[in-house]
Amino acid sequence: MKSSSKPVFECAGVHIHIGEKEVVKGVDLTVLPGEIHAIMGPNGSGKSTLANGLMGHPAYAVEGAIRLAGEDVAAMTPDEKARKGMFLAFQYPVAVPGVTVASFLRAAVSAVRGAEIPVREFRKEMLARMEDLEMDPAFAGRYLNDGFSGGEKKRVEILQLLMLKPRFALLDETDSGLDIDALKVVAKGINGAVSRETGLVLVTHYQRLLNYVQPHVVHVFMGGRIVRTGGPELALELEERGYDWLEPVAAATGGA
Amino acid sequence: MASTPTVADIGTDYATRYGFRDPEEYFLRSPKGLSHEVVEMISRLKKEPEWMREFRHKALEIFLAKPMPTWGDTAMLAEIDFDEITYYVRATEKQEKSWDDVPDNVKRTFDRLGIPEAERKFLAGVSAQYESEVVYHSVKEELTKQGVIFLDMDSGLREHEQLVREHFATVIPAADNKFAALNSAVWSGGSFIYVPKNTEVAIPLQAYFRINAERMGQFERTLIIADEGSKVHYIEGCTAPVYSTHSLHSAVVELIAKRGARIRYTTIQNWANNIYNLVTKRAVAFEDAVVEWVDGNIGSKLTMKYPAIFLRGERAHGEVLSIAFAGPGQHQDAGAKAVHLAPNTTSKITSKSISKGTGRSSYRGLVKVRKGAHGCRTAVQCDALLIGEKARTDTYPTMEIAEDQVRIEHEARVSKLGDEQLFYLRSRGLTEDQARLMIVNGFIEPFVKELPMEYAVELNRLIELEMEGSVG
């Protein structure tokens with residue numbers, strides 16, 4: 001799957017402040033086309049802040065370089081980034097009452113593809129992707145994330161991933177709150193979104209999603225930094241040993 | 001993108017869109033201010049029966065004696081100068097029978113509102129009120145055949161005096177409140193509807209109202225009687241032009257749903273932001289009757305309106321579904337009342353409000369269950385959406401429950417059009433404006449879907465949210 005062409009995503013020297021507090025303390029990351037990266041770390045390490053900050057969360061102050069397929073997107077708004085082909089699957093997607101999944105998706109697809117998509121064509125595509133994710137077609141008529149279970153929200157995030165076909169996607173804790181069957185379906189969806197041209201970063205606490213979505217690169221994220229980078233075997237090691245053994249490493253790299 | 005209106009634009013181009021106005025050409029208008037002479041003049045001009053003349057004078061006494069409300073936006077209410085208002089203006093000499101006979105300047109106003117076209121398409125009867133007198137009024141043959149009466153209130157009184165006398169002011173007596181008294185004294189126009197037993201009016205009856213004279217009050221009076229087992233849907237929509245000084249609109253609407261009857265009353269009001277809209281709306285529902293108020297309030301300086309349903313017969317059901325949009329400087333004080341007087345009656349109140357900028361919305365509601373009215377159920381839901389840091393919303397729910405065997409639900413929710421929602425939608429490629437529109441449209445969706453299609457479109461236009469394009 002790996003290719004040696006230029007990175008689909010790069011960031012360098014990324015620092016993120018929430019208010020006065022520095023949560024992300026210098027992150028460099030390069031994702032090549034066709035690659036799947038996993039960023040693993042304990043709760044509170046700042047990995048969700050990293051994902052949201054890279055997408056452009058309005059409450060976060062982000063410094064550093066961010067490039068999407070070579071283009072500097074650091075100063076872009078979230079919607080500009082999305083239209084350039086960047087995507088974030090949210091850990092806690094918010095509800096938008098009164099707006100159906102279908103009408104939301106159609107607006108999003110039209111925005112990202114830069115042209116109004118005809119209703120019939122859109123519906124056909126949406127229903128096919130929903131079938132892939134084993135979703136009841138009735139879902140399309142429900143209000144976006146309004147009263148959805150955790151698992152339903154995650155499926156809808158993946159449905160968006162499949163419909164928007166981003167070049168680069170960040171998936172923030174997409175595996176949390178899923179039972180094993182749902183996890184398999186979601187993993188199938190994620191694998192379906194991967195191609196030679198795309199890059200994917202899975203942000204996760206646990207290794208279990210990685211049983212179904214094979215990462216090429218695994219990063220350990222602690223204390224606002226990447227403290228170690230390795231292959232898939234690193235994820236297994238974390239599963240066995242937890243994060244504690246890496247504390248000294250985190251402390252060492254944290255000494256500024 | 002440039003042509004997509006933003007939420008910030010809502011109401012700002014009101015003057016160019018809806019603010020056209022005709023030079024005032026009136027055959028008759030009363031002198032400014034309120035007196036027994038003015039009341040006498042109105043009644044005599046209308047050649048009313050003695051009982052109505054007396055009713056008006058008595059109502060004026062009540063109005064003069066009653067203090068201004070001590071609740072609600074008392075500061076705004078105190079700004080009304082009753083001496084500066086013209087209480088009666090008549091646009092044309094007599095009632096017009098067909099569209100061709102309507103004077104050109106009046107017609108122009110309607111043209112710009114799209115009335116004739118709407119009429120051609122599917123209006124059963126249009127009662128378009130221009131100033132205080134209904135100038136154009138057509139009732140389709142179908143209705144006449146069914147025995148349905150659909151007239152302006154003045155004609156109703158002339159042609160069906162006994163029916164009017166029997167019901168007029170029985171639901172809302174003149175002494176009900178200061179503004180009901182005012183309306184009772186100087187009322188003019190409005191609709192009178194009678195639907196005979198077991199008759200179903202298939203098409204919604206519609207009326208269009210406009211205020212066109214500066215500092216002129218409009219005091220229409222509507223009475224709808226749905227006889228046993230009948231069914232009717234009445235729709236009123238209002239668009240007023242922009243004026244610099246304050247206008248007062250104070251209507252009284254009475255609905256009577258007899259045994260097993262069903263009335264739905266839909267209002268979309270979009271007043272210019274200098275208008276006081278102080279309306280009394282009340283319905284009585286007898287055994288097994290259903291009354292629904294669907295009430296949309298946009299614009300005005302101050303709206304005070306609490307559609308009420310008195311559930312007088314067993315198993316009667318009442319619903320109030322309302323939406324209020326308070327733009328900068330506006331106060332929407334709206335709500336609902338459900339009074340359960342009989343056992344096993346049910347009610348549902350859904351109130352949604354949007355406050356933007358310095359806009360302020362208040363929900364004021366009353367749910368009352370009388371002793372002995374066992375087995376009642378009521379559900380109240382208030383949702384407020386705030387746009388901007390200065391927007392304000394308040395909730396004043398009152399519950400007076402004198403019976404144990406009842407089920408009461410009350411739910412109130414305030415949400416801010418917040419960063420998290422915007423970020424979520426923007427991360428999917430929607431611009432900030434598109435994202436805002438989507439959130440607002442979603443918020444009003446439960447209301448919009450209750451409207452007939454053309455009114456849903458009208459509502460969207462009125463609050464200048466273009467569903468198409470932003471929602472798809």
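Hi everyone, let's start with chain A, where six strands form an open sheet in the order 6-9-10-3-11-12, and the pairing is mixed. Keep in mind as we go that this is a predicted model. At the edges of the sheet sit strand 6, residues 86-89, and strand 12, residues 225-230, both of chain A, and each of them pairs on one side only. From one strand to the next, the twist averages 20°.

Let's look at one of those edges. Strand 6 of chain A pairs with strand 9, residues 168-172, of chain A; the sense is parallel, and there are four bridges. If you want a spot to click on, try Leu88(A), which stands opposite Leu170(A) in strand 9 of chain A. And what lies across strand 6 and strand 9 of chain A? That's helix 5 of chain A, residues 150-164, running at about 165° to strand 6 of chain A.

Now over to chain B, for some backbone angles. Lys47(B) is not a glycine, yet its phi is positive, at about 55°. You'll find Lys47(B) in the loop between helix 2 (36-45) and helix 3 (50-65) of chain B. Is Lys47(B) buried or exposed? It's exposed, because 9 other C-beta atoms lie within 10 Å, and the cut-off for exposed is 12 or fewer.

Asp288(B) is another residue other than glycine with a positive phi, here near 60°. Its loop runs between strand 13 (275-285) and strand 14 (290-299) of chain B. Asp288(B) has 19 C-beta neighbours inside 10 Å, so it counts as partly exposed; buried would need 20 or more.

That's my tour, thanks for listening!

Notes:
Residues are numbered from 1 along each chain as its sequence is written. Chains are lettered from A and ligands numbered from 1 in the order in which they are written. This is a predicted model: local features need pLDDT of at least 70, side-chain atom pairs count only at pLDDT 80 or more; totals for chains, interfaces and linings use all residues. Two strands pair if DSSP finds at least two bridges between them. Helices (H or I, at least four residues) and strands (E, at least two) are DSSP runs, numbered from the N terminus. Axes are lines fitted to C-alpha atoms, for helices over the stretch in contact, and angles run from 0 to 180 degrees between N-to-C directions. Two residues are in contact if their C-beta atoms, placed from the backbone, lie within 7 Å.
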